[in-house]
Amino acid sequence: MRPLTRLMYICILVVFYATSVGHAQSKNDLTVVGKLGKQKVTYAELKENARNGSFSTSLTLEELEAFLPKYLDYKAKLLAAKDEGYYEDSALVAEYQLYSKQASYAFWMEKQIRPTLFDDYKEKATKEIKSAHILIAVSEDASPEDTIAAITKLNEARQRILDGIPLMAIESTYSTMRNGRSMGGGLPWISVGTTVKDFEDQVYSLSKGELSKPFRTQFGYHIVQAQDIRERTPARMISHIFIRPQAQGETTPKQFVDSAYYELNQGVGWTEVLNRYSQDDLSKPRDGDIGWVSYGKSYRPEFIDSVMNLDPSLPYSAPVQSPYGYHIFRVDSVQSYASEKEKDEALMKELENQSYFSRNNSMVVNWLRDHYSESPQEDVLEEYQAYIKNDVMDSTLYPEITLPSALAGKTIYAIDDVSFTVEDYHQYLQRIKTRRTARQYQVNWIAQYTEYLIDERITEWTLRDYPEFINQTETYRDGLVVFKINDDNVWSSATVDTAALLRKFESDRDQYQFSERFHYHLLSARYDTTLQKGITFVLDGNPVDSVRVFNNKIALASDSTGVFKGEPFNKLESMNPGTFSEPFEYSGRTSVFYLNAILPSRPMTFEEAFNRILSEYQPEREERWLKNLRKRYKVKTDVKKLRKAFKTDEQNS
């Protein structure tokens, strides 16, 4: 068995040998402490990589001396991999490219998107906004005509509001009606994260009284006015005594809550009154605690307003009516932060819980669309769609559709100052829509195409805009090739000198022995009754190997290698062949052992001992390979210079 998995090995290399010495270096740092032919390893390079490996900024001389030969061996492996063509290996190149692309998405998320979103979120989190809007519902795949009509209507309404007519006076005239109710109108106080992001961005861009221009959300087109703006109200930890809105016999809910309030005012304790009156079975066992309440929580706006308007200094509130019923509230705590760091951490958690925040590739793609100023040519796209939907080509398969040259050469999309033609788009569709006809063309295919273009270029952009990413990807590639060259020269049984293993086996055959071991079957079932049926089946004289045929709900496993130790396998030591053990719990099922035989100790054959010999031979095999590499690349360490450089470092610190 190999000592490390592929991914674990590469990750270790990324941590240990991520050379990135980019700061100004002293003369002492430039001291050469090792060589591979003409390639030099400086004291600074050694320190940097040793720090990466030890996760410590302070290194002892002993640690550096121990690390130096290991680092030079690693560098020798890289040289060998380069000379032997590993960097051109198609499988490794493909894996490197896949990693680079995946890492690019993560890099943009952590370096740009997450900080940018957080800064915006933190700024918005300082205030709450009361607003009103006009909404004209338009589906996401609305025709250009419907879109233009909605925007024209909103611009008309906007001008009337700017001329002095209150928004709420004309809102129902312009907003879409659904189930007899306007989809626009006044909105409750909102805080950051309480509405869809497109709407939130517009509202938070306004000053008090300002009216937006028409804009799009998933619901349609809006104009919105910021009617009032205030500082964000901190969340409150709330407990309540709750009375349902239904009458309690001849007692009304209002009379019931007033009775509870009267008792509190007479000095009866909160818990006693709560246990006698509260009808909230969920919060009652927690002394009425319903948790944190703030704008954005999943409560009715009127309820949140009631809570946020409470005076926290009072021991409890007067009775309050909400859409849920009647409450007597108690403010147990008002949210505060011990430091700016603690506040940032709490806001970051809030942000990451928002529906629009997700660590996925689509979020990165959408951010890059804006960052690199994408420019779709809608008129050209409409011309292409009109050509494709021509009745003459209705049932023509996509690979058979040809474009007129005048259309093919037009630019349909541009991003990062690179343009793509209708022909580029058409060829993309011909590659992936081989079974689709002209009639089946869909307007969202252009979005798939532009996402594909960004996905194809994200690694290039990351490498270009973030030089530090080059080091990350190159280190991973080095890890890949070192893993592969180690695999071929040390770990792989396919490249091992079998004759050498056989000599090792023959020289000390006595150590390759099977000790006394047990040949057993393990029977398991979800239900005891099912397992008992299997046991009875064997006791009736049927072969244990046939249990699964008899009842496929019984799991059956067999072993005779003796590799499993400890519980429950030590039960076998007290069993006699041909008997069952007592039932026991194993992997969540009721199980029993059936002991077939006790196998005596005996010598292993070479084939049986092969993996063990190979494992024992690996250190010797690796040292022989490294010895050849050191000779091949003229590896030299200079411990005297290392000690001198370390001493100078200490004197200067």
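Long-range contacts come to the fore in this predicted model: of the contacts in the protein with a separation of 6 or more, 70% join residues 24 or more positions apart. The secondary structure holds 22 helices and 22 strands, and buried residues account for 41% of the 653 residues.

The overall dimensions help a newcomer to get oriented. The radius of gyration of the protein is 37 Å, whereas a compact globule of 653 residues would have one near 26 Å. Along the principal axes, the C-alpha atoms fill a box of roughly 100 × 80 × 75 Å. The accessible surface amounts to about 35,800 Å², and carbon and sulfur atoms contribute 49% of that area.

One part of the fold is worth a closer look. Here four strands form an open sheet in the order S10-S9-S12-S11, paired in the antiparallel sense. Strand S10 (289–293) and strand S11 (320–322) are its edges, each pairing on one side only. On average, neighbouring strands of this sheet are turned by 45° against each other, direction ignored.

At one of these edges, S11 is joined to strand S12 (residues 325–334) by three bridges in an antiparallel arrangement. Val 320 can be followed across this pairing to His 327, its bridge partner in S12. A helix also meets the sheet: helix H8 (residues 253–265) packs on it and touches both strand S9 (236–243) and S12. The direction of H8 makes about 40° with that of S12.

Technical notes
Residues numbered from 1 in each chain as written. Predicted model: local features only at pLDDT ≥ 70, side-chain atom pairs only at ≥ 80, totals over all residues. Heavy atoms only, no water. Pairing = 2+ DSSP bridges. Helix = DSSP H or I, 4+ residues; strand = E, 2+ residues; numbered from the N terminus. Axes fitted to C-alpha atoms, helices over the stretch in contact; angles between N-to-C directions. Contact = heavy atoms within 4.5 Å. Rg over C-alpha atoms; globule rule 2.2 N^0.38 Å. Buried < 20%, exposed > 50% of the residue type's maximum accessible area, 1.4 Å probe, protein only. Areas by Shrake-Rupley, 256 points an atom, 1.4 Å probe, with all protein chains shown as cover.
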